[in-house]
Amino acid sequence: MNALITIGLLVLSNIFMTFAWYGHLKLQQTGVSTHWPLIAVILFSWGIALLEYTCQVPANRIGSDVNGGPFDLVQLKVLQEIISLVVFTVIVTLLFRGTSFHWNHLAAFLCLVAAVYFTFLK
């Protein structure tokens, strides 16, 4: 159960992270934040990043074998990275319609999936 909670929190965390890092670009593209000063964009992103951390920190605590969870630190990090890339790909594909993915992006993702596999080998 801790594994599912950890993965769910990591997915949620990465949704917030992607919006914190790239959402302001979509707002600018739609004209919402075109005239915002840079400090306003930074504060907006920090606000979203706070939500990211409210999911990321509990995910690591619940999932870490230090606290009785199922994952060691390397496994947690590799999981976080692959979840981050999957969430990023989905959000960018849906929000930034002009962004296209090519064969080399797929090859890189497959290499990351292989990294997850090798990380979990005993």
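**Entry 1: α3 against α4**

I began with the pair α3 and α4 in this predicted model. The axes of α3 and helix α4, which covers residues 103-119, come within 10 Å and cross at roughly 155°. I therefore recorded α3 as roughly antiparallel to α4, since an angle over 145 degrees counts as such. The crossing in which α3 passes α4 is left-handed.

I then listed the residues that make this contact. On α3 they are Val 74, Gln 75, Val 78, Ile 82, Leu 85 and Thr 89. On α4 they are Phe 109, Leu 112, Val 113, Ala 115, Val 116 and Thr 119. By class, I noted nine nonpolar residues, three polar and no charged in the contact of α3 with α4.

**Entry 2: Gln 75**

I next looked up one polar member of that contact. Is Gln 75 buried or exposed? Gln 75 lies in helix α3 and has a relative accessible area of 3%. I entered Gln 75 as buried because this value falls under the 20% limit. With neighbours within four places in sequence left aside, Gln 75 is in contact with Pro 70, Thr 119, Phe 120 and Lys 122. Thr 119 also appears among the α4 residues of the contact with α3.

**Entry 3: α3 as a whole**

I checked the length of α3 next. The helix has 23 residues, and 32 Å separate its first C-alpha from its last. This is close to the 33 Å expected at 1.5 Å a residue.

I also listed the buried residues of α3. They are Gln 75, Leu 76, Val 78, Leu 79, Gln 80, Ile 82, Ile 83, Ser 84, Val 87, Thr 89, Ile 91 and Val 92. The cover over these buried residues includes α1, α2 and α4. For reading such a list I kept in mind that an α-helix has 3.6 residues a turn, so residues three or four places apart point the same way.

**Entry 4: α1 against α3**

I turned to the pair α1 and α3. Their axes are 8 Å apart and pack at an angle of about 40°. That angle makes α1 oblique to α3. I recorded a right-handed crossing for α1 passing α3.

From α1 the contact draws on Thr 6, Ile 7, Leu 10, Val 11, Asn 14, Ile 15, Met 17, Thr 18, Phe 19, Tyr 22, Lys 26 and Gln 29. These meet Leu 76, Leu 79, Gln 80, Ile 83, Ser 84, Val 87, Phe 88, Ile 91 and Leu 95 in α3. The contact of α1 with α3 holds 14 nonpolar, six polar and one charged residues.

**Entry 5: α1 against α2, and α2 itself**

At what angle do α1 and α2 pack? I found an angle of about 170°, with the axes 8 Å apart. The two helices are therefore roughly antiparallel. α1 passes α2 in a left-handed crossing. In this contact I noted 18 nonpolar, seven polar and one charged residues.

I also compared the span of α2 with expectation. Helix α2 takes in residues 38-63, and its 26 residues should span 38 Å at 1.5 Å a residue. The end C-alpha atoms are 36 Å apart, which agrees. Its buried residues are Val 41, Ser 45, Ile 48, Ala 49, Glu 52, Cys 55, Gln 56, Ala 59 and Gly 63. Among the elements that cover them are α1 (2-29) and α3 (73-95).

**Entry 6: The loop between α3 and α4**

I looked up two residues in this loop. Gly 98 is found there, and its relative accessible area of 79% makes Gly 98 exposed. Gly 98 and Val 32 stand 66 residues apart in sequence, and their C-alpha atoms are 19 Å apart in space.

His 102 also has its place in the loop between α3 and α4. With a relative accessible area of 45%, His 102 is partly exposed. From His 102 to Val 87 I noted 15 residues in sequence and 17 Å in space, C-alpha to C-alpha.

**Entry 7: The chain overall**

I closed with totals for the protein chain. Its secondary structure comes to four helices and zero strands, in the order α-α-α-α from the N terminus on. The C-alpha atoms fill a box of roughly 50 × 35 × 20 Å along the principal axes. Of the 122 residues, 30% are buried. Among contacts with a separation of 6 or more, 72% join residues 24 or more positions apart.

Methods:
Residues numbered from 1 in each chain as written. Predicted model: local features only at pLDDT ≥ 70, side-chain atom pairs only at ≥ 80, totals over all residues. Heavy atoms only, no water. Expected span 1.5 Å × (residues − 1). Buried < 20%, exposed > 50% of the residue type's maximum accessible area, 1.4 Å probe, protein only. Contact = heavy atoms within 4.5 Å. Axes fitted to C-alpha atoms, helices over the stretch in contact; angles between N-to-C directions. Parallel < 35°, antiparallel > 145°, perpendicular 65-115°, else oblique. Left-handed = near helix turned anticlockwise from the far one by under 90°. Nonpolar A, V, L, I, M, F, W, Y, C, P; charged D, E, K, R; others polar.
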